[in-house]
Amino acid sequence: MPRFLYVVIGVLVVWGGVCEAEAQTQEPINVRVPGASLTEALEEVRSQTDLDLVYAERLVQGRTTSCSYAGSDREAALRCVLDGTGVRAERVRRGQYVLVANSDEGREEAAPRASLKGYVVDAKTGERLPGAHVYLTQLKAGTTTNQDGYFVLSSLPPEDYVVRISYLGYRSVDTTLTAGAEPVRISLSGTSIQSEGVVVEAGSTSLKDNDRLPGMQSVALNRLDRLPSFGEPDLFRALQWTPGIRKSGVTSGGLSVRGGKPDQNLYLLDGAPVYHPWHAFSLISTFQTQTLRSTDLYRGTFPVEHGGRLSAVLDAQMKDGSRREPKAVAALSVLSGRFRVESPLTSSTSFMVSGRRSYLDKLIGRQHPVTGDNGRRDTLRTGYYFFDTSAKLTHRFGPNHRLSFSYYRGRDDLDLRLPFDLSLDFSSWLRPADLLFEVAQNWENQVVSGQHRYLAGDDVFVTTTGYYSGYRAQEASLVQPTTTASLTSDYRVQLADAGVTVQADYHHSVSHELTAGLEVSTLQFESTLDSDLQRSSGTSTRRQQESRVSAAKVAGYVQDTWTPTPRWTVEPGVRASYFSGGNYAHLSPRLSVQHVVHPRWLVVEGSAGLHVQYLQRLRDRYSLAYDLVSSRWIPASDRVRPATGGQLGLGTFTQLRPGWTLELDAYARETRHTLVPADVFQEKEGIDGPGIELGALLGQYVTGAERAYGIEVSTRYEQGPWRARFSMNTGRTFVRAPARSGLRWRPSGLDVPVSVRSTLGWDGDHWRATVAAELRSGYPVTVPEARYELGDPTAPAATTYLHRPQIHNGRLPPYLRVDLTVGYQFQLLSADWTATADIFNVLNRDNIQDQTYRPTETGINVNRRRGLPILPLLELKMEL
């Protein structure tokens, strides 16, 4: 696959060059305009040369020209027409010119070039908007704002240009800006521009306004509450309505993107990685959606500034806080209560702080006394809660400097004591028992980051990010399977990642935008286990183990966004990385190409890239005493090779009519050196496991490969109060690793051949409603084909086994779920209120999520794990 990708990248580059060469091949030019108006002469040149000429009508009105030219030089024909008119042509890029007046009539001289620049901000809060599209409609050239909301189009003739500014979730605006003028401040959604002499008009979104990188999707955070959720708006649940993205369906939870494993996704919060971004056993994400300013998701090939993962990157930025006036939001849902406060401190300083906590433990209590028939008393403990807090402080040292500090901490805490045996015989609930299971678990993420953004001149933007990201978990358990045997253990996992990134963006011209950067980080991994196993009265075994590993990572990258013509955009780039664990070095080229087949109807995109991942997440598969919830990341070393992968993507994007878009994407990916369980049928059922030493853990896994391919179709429609979306993904995911059935490709546990999602919504003045449906193939399952017994003539009984010659030879029934969301907005006590009711699984369909088989003396016992039934979930939000 990697060699094939190198060939593909080369073919794409050559293809672009051939297309450009063909575009330059012209028929003979014959221009004869004796004493004609300049306007007519320019139209004649444009029709014969296919040159893109941009000029103001007032510049050419009343001017005449006489020209006679025959040949094949397009530029010579244009000079002939302009000779003696007092107008000259300034080249912007290949085949594109801007006409300007001569500074000295009769003498042509090179005019100084200028930059068209400014900031795009939220009209309500004053926050700068990253990723907004700025498009020069006449030049058919554009750019996007960076993370500081700044945009620049360099090396332009100092003229007026018609510009369209658009941002997902906001109204687009059209205006006229002047290259060479001071930076303007453009406010979206309020449709006002804070600069003198500018006229703004609301406009509809065009195809070019939605220009984006191949595989990239920006999330409209201010519209997230219009999608079905699980009691409160949640980013990760909203992303699952995107083709190719779904819950992994495994115990650890997480998102599977195009068949990839959850640990192959990189989650960034203000430039810092987050290693376990889930609450409530993967029901909701650790990100408070309404604290985020922007979120970009990259599927497949992603830009060179992102690396370290194989499948996807989620880049989230927190709000700076309102610069205009104080703002407060409070909400109460079935899951949690939350708040957010943001306010300016001074004219140049603002802050945002938020918090969220579940409260079920406060309602039902953490301890429950139980009494048996004989009067014996015991205590059942069911304490669980989660919380997260985030804050951001931003200060602006003038227009060219901005410094921000971000903080995030999220934690889950479980205190469980079940006085019954390990078979989980629920008939023993609420009764004292000699056999019990106790566990006290907690896991948390803590992130601190600082970012300094510096505008070094009009064309160079430097961003420096320093961060610390820590993940830690603890599992303290007591297992008493018999009246005389017990196991007490305390298992802890900790990961610390600290790093610095420096990135420079240079806007050379409308044809070239260069990005270069350097990343340096250190990682520390620590695991400890302290256990005491008592096999019988007076006989015990103490185990104390620890595993400590450290590594350093260095990466550098460079990328050029090259727009040779208005219809072509090519992004070649390369990322070089070094990992001290095992002294691994990799070179990862990336390439994306975009071609506008028709400015209003069709855009074609292609991408190819190589990726490397130096960390893999593993879990012990034997012991019930540890590694139940915690994620243990294993770095590359002499014993663990880094996982590598290549990805190809091809897609089209079209706007069938205003408000109606259609996307079609195809992808293929292959990954090598991933770690796959050696025994896929092994379940956590032992009391004492092999321990936490790295060798014991790696002994449970073998090196394998993964392969995935598929086609994604998505369409969206918005007209008046109605909005609808439909998405379908059809594809396969395979894995190859040594197994009982041999070394061959088999369906992965995440293989879903067909997945369909659709939503239909309506927005009124006060009411809104959304109905959503999901239909997909069931996950693969291994169905035993026979049952057999093995025994010793001297033994009292034989042992029964299942014969499963082929892995994943069956499939669960199809999954179908329909959700309903109804919201009502009103005002009360000078506040804006929103009441939302989410009905999860409104049809109350009994979906089967998993299926296991156990042999019995007379047959096979089938255990089915079913999904959640119908759940009504409520939320009440107040905003001041």
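Start by selecting Cys67 and Cys80 and looking down the bond between their sulfurs: the torsion about that S-S bond is about 125 degrees, so the disulfide is right-handed. Keep in mind as you click around that this is a predicted model. The two sulfur atoms sit 2.0 Å apart, and there is 1 disulfide in the structure. A disulfide is a covalent bond between the sulfur atoms of two cysteines. Now show the ribbon around the pair. Cys67 belongs to strand 3 (residues 64-71) and Cys80 to helix 4 (residues 74-82), with their positions 13 residues apart in sequence. Is Cys67 buried or exposed? Cys67 has 6% relative accessibility, so it counts as buried, the cut-off being under 20%.

**Zoom out for a moment**

Color by secondary structure and you'll have 7 helices and 55 strands on screen. The protein has 880 residues, and 54% of them are buried. Of the contacts between residues at least 6 apart in sequence, 66% join residues at least 24 apart.

**The three-stranded sheet**

Next, select strands 2, 5 and 4. They make an open sheet in the order 2-5-4, with mixed pairing. At the edges are strand 2 (52-54) and strand 4 (87-93), each of which pairs on one side only. On average, neighbouring strands here are turned by 30 degrees against each other, direction ignored. Helix 4 packs on this sheet and touches strand 2, strand 4 and strand 5, its direction making about 150 degrees with that of strand 4.

Which way do strand 2 and strand 5 run relative to each other, parallel or antiparallel? They run parallel, joined by 3 bridges. To pick out a facing pair, select Asp52 and find Gln96 opposite it in strand 5.

**Into the nonpolar core**

Now select Leu139 and show its surroundings. Setting aside neighbours within four places in sequence, Leu139 is in contact with Asp52, Val54, Val92, Arg93, Gln96, Val98, Leu156, Tyr161 and Pro566. Asp52 and Gln96 are the facing pair you just picked out.

Leu139 is also part of the largest nonpolar core, which has 28 residues. Add Leu156, Tyr161 and Leu188 to the selection: along with Leu139, they have the most contacts inside that core. Which strands supply at least two residues of this core each? Highlight strand 5 (96-101), strand 6 (114-122), strand 7 (133-136), strand 9 (150-156), strand 10 (160-166), strand 11 (172-178) and strand 12 (184-188). Apart from this core lies another one, of 24 residues; Val274, Trp278, Leu292 and Leu314 are among them.

**Salt bridges**

Time to switch on the charged side chains. Side chains of opposite charge can pair when their charged atoms come close. Across the whole structure there are 40 salt bridges, and a few make good stops.

- Select Glu712 and Arg299. Their closest N and O atoms are 3.0 Å apart. Glu712 comes from strand 42 (residues 701-719) and Arg299 from strand 22 (residues 292-299), so this salt bridge links parts of the chain 413 residues apart. Glu712 is buried at 1% relative accessibility, and Arg299 is buried too, with a relative accessible area of 7%.
- Move on to Lys327 and Glu879, where the closest N and O atoms are 3.2 Å apart. Lys327 lies in strand 24 (residues 327-333) and Glu879 in strand 55 (residues 871-879), so the pair ties together parts that are 552 residues apart in sequence. Lys327 is buried, with a relative accessible area of 15%.
- Then try Glu526 and Arg548, whose salt bridge has an N to O distance of 2.9 Å. Glu526 is in strand 33 (residues 512-536) and Arg548 in strand 34 (residues 539-565), 22 residues apart. Here Glu526 is partly exposed at 26% relative accessibility, while Arg548 is exposed at 51%.

After those pairs, select a whole group: Arg128, Asp148, Asp270, Arg293, Asp320, Lys392, Arg396 and Arg402. Salt bridges with shared partners join them into one network.

**Last stop: a hairpin**

Finish with strand 53 (residues 848-855) and strand 54 (residues 860-866), which pair antiparallel over 7 bridges. How many residues make up the hairpin connection between strand 53 and strand 54? The connection runs through 4 residues. For a final click, select Thr852 and look across to its bridge partner in strand 54, Asn863.

Definitions and conventions: Residues numbered from 1 in each chain as written. Predicted model: local features only at pLDDT ≥ 70, side-chain atom pairs only at ≥ 80, totals over all residues. Heavy atoms only, no water. Core = buried A, V, L, I, M, F, W, Y, C linked by side-chain atoms within 4.5 Å. Buried < 20%, exposed > 50% of the residue type's maximum accessible area, 1.4 Å probe, protein only. Contact = heavy atoms within 4.5 Å. Salt bridge = Lys/Arg side-chain N within 4 Å of Asp/Glu carboxyl O. Pairing = 2+ DSSP bridges. Disulfide = S-S within 2.5 Å. Axes fitted to C-alpha atoms, helices over the stretch in contact; angles between N-to-C directions.
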